[in-house]
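This report describes the architecture of a single protein chain for a reader who is new to structural biology. Please look at the sequence and the structure before reading on.

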Amino acid sequence: MAWLLGLLATLPPAQADDNKTPDSATVLTYCVDPDWMPYEAIDDGVHVGISADYIALIAEKTGLTFKLIPTRSWLETLQLLRNGDCMLSPMLNQTTEREQYLQFSDVYFRSPNVLVSLRQQPFLQSMANIGTRSLAVPKGYRLIEYIKRHYPETRIHEVENEPAGLKAVAEGDADLFIGSLYSINGQIQQESLYQLKVAGWLELEDKLRIGVSLPYQALLPQLNEALGTITEAEHIAIYQKWTRIKVMDITNYQLMWQLGAVAIAIILLLTAWNYRSRYFYRRLQEKNQQLEHTRAELESAIQELEFLSTHDPLTRLYNRNFFDKTISVTQQRAAQHTQDFSLVLIDIDFFKQINDNHGHITGDAILRELAEILRAQIREQDQVARWGGEEFVIFCQHTKADVAKALCDRIASAIKQYNFSNNISLSCSFGVAEQQPDEHLLHCFERADKALYHAKQAGRNQVCLA
């Protein structure tokens, strides 16, 4: 606490005159996005969501006291941070524009971003395929800056917040919406927007941090230290609390009351209207079947959303997002227990020529067929993922490099014997690296990548050890 008193004592006089310092040395004022569940929101003046739980954890670990300054929109929150009227915001992405008035903590929460469209629209897979379609994006989101830089031809339709963006797509005012998978899940359920679907995956991942106003950037070391003491169990508990998908009760109570009233009338007039009772009975059965069918469709859609968050939609293998998380968890375990790990990187030789000569439909078929070969050849303890394009990665637990090389040889043999689409003759290059003592898995991955590069430079269709 003496450290914080020293910090506040060093603030420039002009900031003190502007009332930008807290009422006491132990009070840290902060602002949040008032409508971005499950990440954060303001409910009857109370801060709720994922960031609220992290703020409570940090307060418990540091003894600091935090005070919420309510805002009505994300743009208002950004303005208060820009003016220094809020000392910090607990959950936001780092951007070049925001670095002009904020300093950022370490990343403590990650989340994928997705494209959303009406169900009848095609699956687009990525931003590169949206063409002339209009894209709804909330005002003030860093996604606008990203899209203007990397996809300048995109027609952007700015909306007030994520619920407004989803509603714009549902009502036809925009073709697509872009946003976080977890918040979209909650909004679709809350607003019963079941005519919407996930239409693609954005390569840009949310890397959420604490943003601290420049006059108070000396807070960062203490905040980073507190974030670093949060255990994996505490992270998982917060994640499961706020991202668990619940099936909504979609019973039509108004219809049930109407049918009940009709049933009573039928009983009273049963003698004269016996044939009508059979009619309404059939109608009731049809409605019950419709409700059960709708419930089954909803559960299927939820399962598909959960699957897409960790799997590549084309090959149905694990995706890069899942593999990144696996590396992080495995690295923590490796620090506690001595284990042997090996990484295998696989690249299809001359895949661009396949697309150019036979078309992308054939190229997609080749990727799916190769995925089936990899799935059949790996061992029970191995994990295979599509890294991107024509590249794949296999994470081999409890495995030395020579065993991983033998696995590559089996895969290469299976590829040679397989009859691919259009009778295409396929081969792959392999790079293998065994994790060294005290080596981070990301560095091991870089060595495997260099080995793959050497395999390609040496003529392709071979296995190279790092």
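## Pairing of strands and a small sheet

Two strands are said to pair if DSSP finds at least two bridges between them. Strands of a sheet pair through backbone hydrogen bonds, either parallel or antiparallel. The model discussed here is a predicted one. In this model, strands S2, S3 and S4 form an open sheet of 3 strands, in the order S2-S3-S4 and with antiparallel pairing. Strand S2 (35-36) and strand S4 (46-48) are the edge strands, since each of them pairs on one side only.

Strand S3 covers residues 40-43, and 2 bridges join it to S2 in an antiparallel arrangement. Trp36 has Glu40 of S3 as its bridge partner.

## The chain as a whole

The chain contains 16 helices and 17 strands. It has 466 residues, of which 46% count as buried. The area that the chain exposes is about 23,900 Å², and carbon and sulfur atoms supply 50% of this area.

How many of the contacts between residues at least 6 apart in sequence join residues at least 24 apart? The share of such contacts in the chain is 71%.

## Loops with unusual backbone geometry

Most residues other than glycine have a negative phi, and most peptide bonds are trans. Several places in this model depart from that pattern. One of them is the peptide bond from Met37 to Pro38, which is cis, with omega near 5°. Pro38 is placed in the loop between S2 and S3.

Asp44 is not a glycine, yet its phi is positive, at about 55°. This residue belongs to the loop between S3 and S4. Is Asp44 buried or exposed? Its relative accessible area is 75%, and because exposed means over 50%, Asp44 is exposed. Asn423 likewise has a positive phi of about 55° although it is not a glycine. The loop that holds Asn423 lies between helix H15 (401-417) and strand S16 (428-434). Asn423 has a relative accessible area of 64% and is therefore exposed.

## Strand S8 and its partners

Strand S8 spans residues 109-118, and 9 of its 10 residues are buried, so the strand is largely enclosed by the rest of the structure. S8 is joined to S12 by 10 bridges, and these two strands run antiparallel. The pairing of S8 with S11 is also in the antiparallel sense, over 4 bridges.

Leu115 illustrates both pairings. Its bridge partner in S12 is Gly200, while its bridge partner in S11 is Ile178.

## Buried residues: Cys86 and helix H7

Cys86 lies in the loop between helix H4 (74-83) and S6. Why does Cys86 count as buried? Its relative accessibility is 0%, and buried means under 20%, so Cys86 counts as buried. Leaving aside neighbours within four places in sequence, the residues in contact with Cys86 are Thr29, Tyr30, Cys31, Ile69, Leu80, Leu81 and Ser213. Cys86 and Leu28 are 58 residues apart in sequence, and their C-alpha atoms are 8.4 Å apart in space.

Helix H7 (residues 181-191) is mostly covered, with 8 of its 11 residues buried. Among the buried residues of H7 are Leu181, Tyr182, Ile184 and Ile188. Just after H7, Ser192 takes a positive phi of about 55°.

## An internal cavity

Rolling a probe the size of a water molecule over the atoms shows where empty space is left. A search of the whole structure finds 1 cavity of 30 Å³ or more. The volume of the largest cavity is about 170 Å³.

Which residues lie nearest the centre of the largest cavity? They are Trp36, Asn93, Arg98, Tyr141 and Asp206, out of the 17 residues that line it. The lining divides into 7 nonpolar, 4 polar and 6 charged residues. Strand S6 (88-92), helix H5 (142-150), strand S11 (176-180) and strand S12 (196-213) each supply at least two residues of this lining. Several names from earlier sections return here: Trp36 is the bridge partner of Glu40, and S11 and S12 pair with S8.

Note on methods: Residues numbered from 1 in each chain as written. Predicted model: local features only at pLDDT ≥ 70, side-chain atom pairs only at ≥ 80, totals over all residues. Heavy atoms only, no water. 1 Å grid on protein atoms, 1.4 Å probe; cavity = no way out; pocket = protein on both sides within 12 Å on 5 of 7 lines; lining within 4 Å. Points joined across faces, edges and corners; volume = space filled by probe spheres on them. Nonpolar A, V, L, I, M, F, W, Y, C, P; charged D, E, K, R; others polar. Buried < 20%, exposed > 50% of the residue type's maximum accessible area, 1.4 Å probe, protein only. Contact = heavy atoms within 4.5 Å. Areas by Shrake-Rupley, 256 points an atom, 1.4 Å probe, with all protein chains shown as cover.
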